[in-house]
Amino acid sequence: MEPFRLEAGMTLGIRPLVLPFTEVSGAEAPALVGGKGANLGELARAGLPVPSGVCLTTEAYDRIAAGAGLEPVLDALDATAPTDTVRLAELARSARALILAAPVPDEIAEAVRPYGDRPVAVRSSATAEDLPHASFAGQQDTYLNVLGEAAVLDAVRRCWASLWNDRAVAYRAANGIDHRAVRLAVVIQQMVAAETAGVLFTANPVTGRRRQAVIDAAPGLGEAVVSGQVNPDHFVVDPDDTISERRLGDKRLAIRPLPGGGTRTDVMDDDATGSAPRSAPADDATGSADGGAGTAERGAEGSANGGAATAERSAAGGAAEGLAGEGAAGGGGACLSDVQVRELAALGRRVEEHFGAPQDIEWAIDAGGMALLTQARPITTLYPIPEPAPGAEPGSLRVYFSVNVAQGVFRPFTPLGIAAFKLIGTGGAQGVFGVPIRDPREGAPILREAGGRLFFDATGALRTRAGRTLAPHILDVMEARSAVVLRDLMTRPELTELRPSWRPFLRGLARVALRNHIPPVVIRTVLSPAWGHRRAAEVHRELEASWRMPDTDDTRARLDHVQTVLTGVFPKILPRVAPVAAAGFVMLGLAYKLLGDRARPGELSTVLRGLPHNVTTEMDLDLWHLAGRIRADEPSASLLLSTPAPELAAHYTASGQAASPEPTTGEATIRRTDGRETGAEPATTARTALPPVADDRTALPPVLADGLTAFLARYGDRAVAEIDLGLPRWSEDPSHILGMLANYLRLEDPALAPDTLFERGAREAEAAVDTLAARAGGVRGRMVRFALGRARELAGLRELPKFMIVRTLAAMRRELARAGAAMAARGELEAPEDVFFLTFTEVYEGGDRRAAVAERRATYERELRRRHVPRVLLSDGTEPEATGTPADAADGALTGTPASADTVTGVARVVLDPTGAHLEPGEILVAPSTDPGWTPLFLTAGGLVMEMGGANSHGAVVAREYGIPAVVGVHAATERIRTGQTITVDGATGTVRIHDEPE
């Protein structure tokens, strides 16, 4: 079959109407021919086997759209929320109708006419598709085996209209892509009758393992595989060319081209004996209809249609071994030989090497055994791999553990938030553990970054006897699912134990303990808890004194001060305050040893209910008591219940009633940088999160305003995801707190009042101490009572070190905001808050950083939309947890780690972000993870289910203190449980049962 030739007169001005694949090149290609066209051009120009074809460029679409009258629809789309799918669908239908009704200029019809004399595939190629961060797979349409001038032109029109498919409009809205900025080119590609076709991923899309090819194949055109209509043959090829998995599908359906255009579907009889197929009615001449069959992942667009003989013969085709007809629909054998499987994998590696990233490829093999590539796009769902630490053995397997998971922060960090975290880590390594750090700003080598999140390189620890023993045991009570993953990884030969002796670890531990005087602190605290509390308060005062900035306008001096404070946090807190809280857990462990099997499951966790001296619990109860005062004041209560929280926050700050936890000079007004919405996909980052305040604004009622001011004076340094210095504090934007106060006002059952629950929990804990001491009896019983009493007196301080760090971050945030204001005043930033998207070095150096900020904001916003973050990630990209199936209970219940004993049945509420979240009293909170910013929601929750965490993680501790049942570490809980379902949470056995579907 001859390749397409560019006819004369197919250009218009300097922008061509038609371009052959081989002439598609340059940075402007995606804007001219869309993502699919640009990638096909790259493949063709690289000499890879691609069926020849041309692209009808976006110039043609621009001419159609210009006269279609789309402006009113675009204006309406701009005003429609991404979550309003009904309205989006209405507007999408209007846009499609306008495009289909628009007349096609003669020059465009003439440009298309030469390609109607042979069968072709007509495929949409949008400018916002096949991007590194969003594939848009399946969002626009493809038409297969199109024959004739009129049919080709009609297919082109329908491709243009498919830019406004419901799914495409919704996808753009969800991903924050401007509808006005997207245009559509059309690929017209020679069609062949593929005998076998399918999909090839050059990295495993499920486990994330790089260089492991995954191939799905079936007889006929690839549309059956892409759209999910057939159960294909499935092959997995490891990097060493071993076929590690081979699973044959039933292949009872095949889509094949018809001689006069269009396709037919051959369906095999159920006995699958290999008899001749039954043919379903033929499709129309244009093949796949608008909105045709498709899976949610890829849809109708991704038809892996056949290729032409114009491409060079691939290695796979050269060794086809006459198997073109082996995979007849419904046949019992594989539709690919092992040789073909390996050579398709090799072809995929060539494509990946060319593009420099893992690829999602569609391919076809024709009757002569020739393998052809019909599409390639980046795999957008893979989690990025951290760069190895300097000095790491090249090619060695590394194990990365998520800091974000450990801290209960699902979202990415801002760049300056990462920089601050690294400085704090540097201070801990040098000041506490005596480990020198070459570059303080780069942090400890074990701290790595990927996807805007931080990871610990745990490889070294897992190759020592001490690390292999202690790490899983520690995670058992902090992040239990990670403990399971690490134990499984220890069986891998690449992670064999290198240091079997405990001596190096014990010597190092002794040095650290003695260097920081930890044993005397623990002993003295056990003997006198009051002394421990005084010591913690003294450290807190010293820390506050260290924040005071010298009186200077020198930005560099200000930055030096910030770095000094951040590197000094751990040396001040860790050896002096953490041992005070640790003494409580030492006593709990002693009681556990003394009791042995005398303690029943869940009894010791009951002892930790209603703990005193927990700063987070105190914060929540203070907020509840404020709600009580507001409830008694009608003007405050009425306003709070009737006005959106962001509007109230704007009134509060604009009326001058707001108070900062620490006086500031007011040079910088910090706006929100998170932008996430509750219970839905996060919204794009907003420059201004608060609405404008009317000129006739009035102050909030005194009870509400004064109470909020007093609360923020103590807790205003806190925030959701508060360990990220780049995020606004509650004192800057109290919307979250105002929303929680409104939720508390809706709690009417006195028995569910948080202070009542807390006091009940404290009484139950004291009763448990009495019971356990009596059960032990005699001297042992007195020792148990002493140990558990000390545990209750001291364990609540576990939140204090983090609170001190968070307050320090807030203080340094204010200093950095001043630096941002100075840069904005010099025109180096668009706004003061942009400083949080720079590094310390960039702030030091100054200069125009606006382009860098814009790029990082875009990356940050993309990462905000990421739904899944791995707990543990390997350096080959594998997410170990994804390589096995979660061990759910035999009766179908979801399983996790018991966190707070008791059982509750209620309605589930899935919340991905606590900001603005509403939880009805008694609803069961289902969340990916929690930090202190979430805990106000616990006051009305009837139970808790978390994807992450262990028995001693933040959410588990707070749940126990409030006496609500909790199960943590439940795999994919936010995906497997839906809002409105009735579920039962058993916090003693660690199971969650789903009873019904939401209404």
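Biologist: What phi does glycine 990 have in the turn of the hairpin formed by S27 and S28?

Modeller: S27 and S28 are strands (DSSP runs of E, at least two residues; helices are runs of H or I, at least four; both are numbered from the N terminus). They form a hairpin with four residues between them. Glycine 990 sits in that turn, and its phi is positive, at about 75 degrees.

Biologist: What kind of model is this?

Modeller: Residues are numbered from 1 along each chain as its sequence is written, and side-chain values use heavy atoms, with hydrogens and water left out. Local features need pLDDT of at least 70, side-chain atom pairs count only at pLDDT 80 or more, and totals for chains, interfaces and linings use all residues, for the model is predicted.

Biologist: Which residue of S28 stands opposite both threonine 895 and aspartate 986?

Modeller: Strands pair if DSSP finds at least two bridges between them. S28 (residues 991-994) has two bridges to S21 (residues 894-895) and four to S27 (residues 982-986); both pairings are antiparallel. Threonine 895 faces a threonine of S28. Aspartate 986 faces that residue too: threonine 991.

Biologist: Which strands are the edges of the five-stranded open sheet?

Modeller: The order is S3-S4-S7-S5-S6, with antiparallel pairing. An edge strand pairs on one side only. That picks out S3 (18-20) and S6 (142-146).

Biologist: Which residue in S6 stands opposite valine 120?

Modeller: S5 (residues 120-126) pairs with S6 in the antiparallel sense, over three bridges. Valine 120 stands opposite valine 146.

Biologist: At what angle does H1 run to S5?

Modeller: H1 (residues 29-45) lies across S3, S4 (53-56), S5 and S7 (184-190). Axes are lines fitted to C-alpha atoms, for helices over the stretch in contact (heavy atoms within 4.5 Å). Angles run from 0 to 180 degrees between N-to-C directions. Here the value is about 125 degrees.

Biologist: Which helices help cover the buried residues of H24?

Modeller: Buried means under 20% relative accessible area (exposed is over 50%, partly exposed in between; 1.4 Å probe, protein chains only). In H24 (residues 645-654), the buried residues are Ala645, Leu648, Ala649, Ala650, His651 and Tyr652. Their cover includes H23 (634-642), H25 (702-715) and H26 (735-745).

Biologist: How many disulfides does the whole structure have?

Modeller: A disulfide is a pair of cysteine sulfur atoms within 2.5 Å. Cysteine 159 is buried because its relative accessibility is 0%, and cysteine 335 is buried because its value is 1%. The search of the whole structure gives a disulfide count of zero.
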